[in-house]
Amino acid sequence: MGYPVILTGVEPEKFLTEQIAQQARHCLDLAGKTKLHELLVLIADASLVIGPDTGVLHLARAVKTPSIALMG
């Protein structure tokens with residue numbers, strides 16, 4: 001649909017984000033490459049944040065970015 005997708009995570013999760021980026025070729029993989037303040041800027045500028053119930057979703061709520069929580 002033309003939306004840019006940015007994958008984030010900590011360094012140990014990089015193997016997962018790399019697999020996703022290979023399958024969904026239009027993703028920008030920033031796992032292990034962002035500092036907290038950089039991540040917050042990305043979240044604040046995002047139209048939507050999708051992810052598990054982690055600190056990233058709490059940051060999205062703090063800056064009023066819509067989010068979808070994935071629960072197992």
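A nonpolar core, as I'll use the term today, is a set of buried Ala, Val, Leu, Ile, Met, Phe, Trp, Tyr and Cys residues joined through side-chain atoms within 4.5 Å. Hi everyone, and please keep in mind that we're looking at a predicted model.

So, which residues make up the largest nonpolar core here? There are 5 in all: Leu39, Ile43, Val49, Leu57 and Ala60. Two elements, α2 (36-45) and α3 (55-62), each give two or more residues to this core. Take Leu39 as one of its members. Leaving aside residues up to four places away in sequence, Leu39 touches Thr8, Thr34, Val56 and Leu59.

Now let's see how those two helices sit together. Two packed helices are described by the angle between their axes and the distance between the axes. For α2 and α3, the angle is about 55° and the axes are 9 Å apart. That angle makes α2 and α3 oblique to each other, and their crossing is right-handed. From α2, Leu36, Leu39, Leu40 and Ile43 meet Val56, Leu59 and Ala60 of α3.

Let's move to helix α1, residues 14-23. Its buried residues are Lys14, Thr17 and Ala21. Why do they lie on the same side of α1? Because they cover an arc of only 65° around the axis. An α-helix has 3.6 residues a turn, so residues three or four places apart point the same way.

What do the buried residues of α1 pack against? Their partners are β1 (5-7) and β2 (27-29). On the face of α1 turned away from the buried side, you'll find the exposed residues Phe15, Gln22 and Gln23. Thanks for listening!

Conventions:
Residues numbered from 1 in each chain as written. Predicted model: local features only at pLDDT ≥ 70, side-chain atom pairs only at ≥ 80, totals over all residues. Heavy atoms only, no water. Buried < 20%, exposed > 50% of the residue type's maximum accessible area, 1.4 Å probe, protein only. Helix = DSSP H or I, 4+ residues; strand = E, 2+ residues; numbered from the N terminus. Contact = heavy atoms within 4.5 Å. Arc of directions from axis to C-beta. Axes fitted to C-alpha atoms, helices over the stretch in contact; angles between N-to-C directions. Parallel < 35°, antiparallel > 145°, perpendicular 65-115°, else oblique. Left-handed = near helix turned anticlockwise from the far one by under 90°.
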